[in-house]
Amino acid sequence: MPTALTRNEIRSRAKKFVNDWSSEERERAEKDTFWNEFFAIFGVERRKVATFERHAKRISTGRAGFIDVFWPKYLIAEHKSRGANLTAVIEQQALDYLGDIPSNEFPRLVIASDFARFRVLDLDPDTKERGEEVEFPLEDLPRQVDRFLFLAGYERRSFREQDAVNVDAAELLGLVYEELEVIGYTGHELQVLIVRLLFILFADDADLWARSQFEEYLRNRTADDGHDLGMHLSRLFDVLNTPEAQRSSAMDEDLAAFPYVNGGLFSERVRTPDCTRRIRDRILQASEFEWSGISPAIFGSMFQSVMDKGERRQLGAHYTTEKNIRRVIEPLFLDDLNADLADAGSSRQKLKNLHDRIASQTYFDPAMGCGNFLVIAYRELRRIETEILHRLHPENVQLTIQLDQWRKVSVEQFYGIEIEEFPARIAETAMYLADHLENEALGRTFGVNVVDLPLQKTAHIRIGNALTIDWSSVVAPDRCSYILGNPPFAGQTTRSGEQTADLRGVWGEQYARWLDYVTGWYKKSADYLQLAPAARVAFVSTNSITQGEQAGRVWSPIIESGIRIDFAHRTFRWSSEARGKAHVHCVIVGFSKGGRPGRKTLFEYDDIAADPVARTVNEINPYLVAGPTVLVHARSTPLSSALPQVNYGNKPSDGGFLVVDAAARTSADPIALKYLRPYVGAQELLHNEKRWCLWLLDADPGEIASSTFIQERVAKVREYREASTAADTRRYAQMPTRFFRIPQPTTDYIAIPRHVSENRHWFTVARFPATTIASDALFTAIDPDGFLFGILSSKLFILWMRTVGGMLKSDLRFSASVVYNPFPLPEIDAAARHRVIEAGKQVEVARAAFPNTCLADLYNPSATPPSVVQAHLALDRVVERLYRGRAVFAADSERLTELFERYAALTENEDPTLLADAEGDEEE
């Protein structure tokens, strides 16, 4: 149920509701009026969705009663007179009716009110479990309104963390790994051994054989000093790989008690390690851990904990919590399946159809790492299947053979590509263990034991380079349902030569050096979807692919091939499951050929470390904004005729010898002082620091020759340029007295920093006289009346820059070609221009009241003076009214939608291929 109301509008309505109902006199009105107006807060007409006095049976007494307010799937409410015990109302009345509510109408909220207070209980409509319960006074409703936003079509999604966060288990196995490395047992053989131990330790606690059978075997049959441990392990591996019927009748009875495993896990012959006491102790220490409760997320952690840190970075490995995996799989397929399961109810035909569907779907992770995405996806499918079977066969079934006939979901539906053997083997093992856990759960549901061994089926895992492998050879396009995963991130400066070659191979002539490695998976997916039009894709990515020039370069060919975005998570903090817990700023993008029919879901984060709010929108563009699918193309001139041209600052290319700091200035002779000009870059602009430069354009050659200070520095400039690898720089060795590039304004100008902190609420620009030389850390523009200062200092502009400009490390990046020139400023008249100029002047006046405070401190979000904030807010209102007349925007999401719609309208008739080639015009 999408909303036309913003969150701010909803809060404003809630405030009015509080004002209207704060008087006890209003309580004489019917409670129906109270609830009608409550629903209106969220843009909902109560009579169309909810009923008063809904007939229902009370479970405690069996007698009929009436629910005061009932909105199927949304809420149940009971209303009492002032002073009522609202806890008792919920416990003894509202909850008493729920047993008579059909599952497909089960509400998410239970509310009790007495006009002056609300008590709210969250319910899980799937599990019927109780969640958070709070009570608050009427006047707190505007502050509590987020609890009810889903009534207006918003959805605050909380993605569950993994069920068991057993990083300790990974560390224990890592210690075994390290001890084996000490004795020189390394490489492939060590990896095989660790994966086998992982399986055995799990099996020892998860009833694949008698509990602690392996632990007892090690304690009782191996020497304390560990000298014979390797021999016993090798013998055990042979036994696990041998069918019972083929074993020697004289086999040791303790070994014979282990079952045949199959699956290829123990088939390879590897060298027997020469073990030590410490190795034996470490394995026994690991065996004491309760492995049956480990989460699938453990395998990535285990892998990371035993890999060299440098190797991890080079491989681009990012390890993933279950909570983050669910951010991908829930909107990609799991939400739909759970909704279909709820809709099926007890209908046998619907349940059978759903069962057939999930058994026919295939899941492909082309950067699978340790398989966490596939493992959790498989687990969720099996849980849905178990629920389907339970509804189809509610009676307990004592014959295991019947369950084997009913089961359809298989690990064989899962496909993956992984470049390294070790994580691929861990993924294979993880799928075995996930299968066992779900078999155990299925058996408990029906009261039977599901036999797992010997292993019969396995996931399809290809070891190799996903960017060079033909994906059609892994899973046929006409069989592929979903592609998902977390491909490696590696930027221009961190990826290897081989990875750069991979990208060139995937992108061909469309390759650009600054494309992130993860973009190779987007291009491969887009190409694959041309053969698999029914498949859907979702990847975790660095947020740089939705910003700056990279967004245009990545998404232009993808959009042209018919791909559209189905859902997306805007930037959030992605944390790993591993030791060290590195944090990266990521996005999630779900897409398909032609786009999924219907409206799209955009997950937005007020706090990048918190849970998102889900918003239903018509369209999501490549910048992950609710707006038209357009790409902001680089331009060499401004889109708006009201904006002046911006230029680079002056580039010295001098090795630092034409630039003079305060200490060096003290040794300058009088002639040199004559030619020293104030020199400003981003650092000087923001921090009020002082530097100068030798500005020798019109200097008298005789004076230059007579200044030792100048002569020494000019000589070093010549040496620096002569040694350069750039031909243009070497040519300028013949002119060592001048800057390499000189676009210095001849009149007062606006200085625009190339980078500013991502924490800035407003962009920090400043005015300088023509006698102050602008460095190449700035852009410059002539702004005689102050109009440009007002536009650049507005919230709309920094929001546009934040969205399309990209980042340099953690800083916002200003770009003439990609940010400034395409900025979609509407046509304005002289009066509107004057209002912007006057509002901008008030910002300058407010700043001038703090002459001893640098801009970096003045615009620190936690320290900006109220007068400066108020001046900016007034400027923001003036600039926003250029777009909306008298109305202003309630949220940044609205601002972005307006900006992209405006950009689309202004560029509708342009051919991007005919624009001046401005890409790459900004030097690194």
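## Helix pairs, salt bridges and two odd backbone angles

Helix α7 (residues 187-205) packs against helix α8 at an angle of about 110°, and their axes are 7 Å apart. That angle falls in the 65 to 115 degree range, so α7 and α8 are roughly perpendicular to each other. On the α7 side, Leu 197, Ile 200, Leu 201 and Asp 204 make the contact, while α8 brings Gln 213, Phe 214 and Glu 215. Sort the residues of this contact and you get 4 nonpolar, 1 polar and 2 charged. Keep in mind that everything here comes from a predicted model.

Now for another helix pair. Helix α15 (residues 348-360) and helix α16 (residues 372-392) pack at about 155°, with their axes 10 Å apart. Angles over 145 degrees count as roughly antiparallel, so that is how α15 sits relative to α16. Their crossing is left-handed. From α15, the contact takes in Arg 348, Leu 351, Lys 352, Leu 354, His 355 and Ile 358; from α16, it takes in Leu 381, Ile 384, Glu 385, Ile 388, Leu 389, Arg 391 and Leu 392. This time the split is 8 nonpolar, 1 polar and 4 charged.

On to the salt bridges. How many salt bridges does the count come to? The tally is 58. Here are three of them, with the distance between their N and O atoms.

| Salt bridge | N to O distance |
|---|---|
| Arg 130 with Glu 91 | 2.6 Å |
| Arg 221 with Asp 254 | 2.8 Å |
| Asp 892 with Lys 795 | 3.3 Å |

Take Arg 130 and Glu 91, whose closest N and O atoms are 2.6 Å apart. This pair links distant parts of the chain: Arg 130 is in strand β6 (residues 130-137) and Glu 91 is in helix α4 (residues 86-98), 39 residues apart. Both partners are partly exposed, Arg 130 with a relative accessible area of 42% and Glu 91 with 36%. They also have company, since Glu 91, Asp 114, Arg 117, Arg 119, Arg 130, Glu 133 and Glu 135 are linked in a network of salt bridges.

The salt bridge between Arg 221 and Asp 254 takes us back to α8. Arg 221 lies in that helix (residues 213-221) and Asp 254 in helix α10 (residues 253-256), so the pair ties together parts that are 33 residues apart in sequence. Arg 221 is partly exposed at 29% relative accessible area, and Asp 254 is partly exposed at 34%.

Then there is Asp 892 with Lys 795, at 3.3 Å. Asp 892 belongs to helix α34 (residues 892-906) and Lys 795 to helix α29 (residues 795-804), so this bridge joins parts that are 97 residues apart in sequence. Asp 892 counts as partly exposed, at 31% relative accessibility, and Lys 795 is partly exposed too, with a relative accessible area of 26%.

Last, the backbone. Most residues other than glycine have a negative phi. Glu 53 has a positive phi, near 55°. You'll find Glu 53 in strand β1 (residues 51-57), where Glu 53 counts as partly exposed at 38% relative accessibility. Phe 115 also has a positive phi, about 75°, although it is not a glycine. Where does Phe 115 lie? Look in the loop between β4 (109-113) and β5 (117-123). Is Phe 115 buried or exposed? With a relative accessible area of 7%, Phe 115 is buried, because the cut-off for buried is under 20%.

How values were computed. Residues numbered from 1 in each chain as written. Predicted model: local features only at pLDDT ≥ 70, side-chain atom pairs only at ≥ 80, totals over all residues. Heavy atoms only, no water. Axes fitted to C-alpha atoms, helices over the stretch in contact; angles between N-to-C directions. Helix = DSSP H or I, 4+ residues; strand = E, 2+ residues; numbered from the N terminus. Parallel < 35°, antiparallel > 145°, perpendicular 65-115°, else oblique. Left-handed = near helix turned anticlockwise from the far one by under 90°. Contact = heavy atoms within 4.5 Å. Nonpolar A, V, L, I, M, F, W, Y, C, P; charged D, E, K, R; others polar. Salt bridge = Lys/Arg side-chain N within 4 Å of Asp/Glu carboxyl O. Buried < 20%, exposed > 50% of the residue type's maximum accessible area, 1.4 Å probe, protein only.
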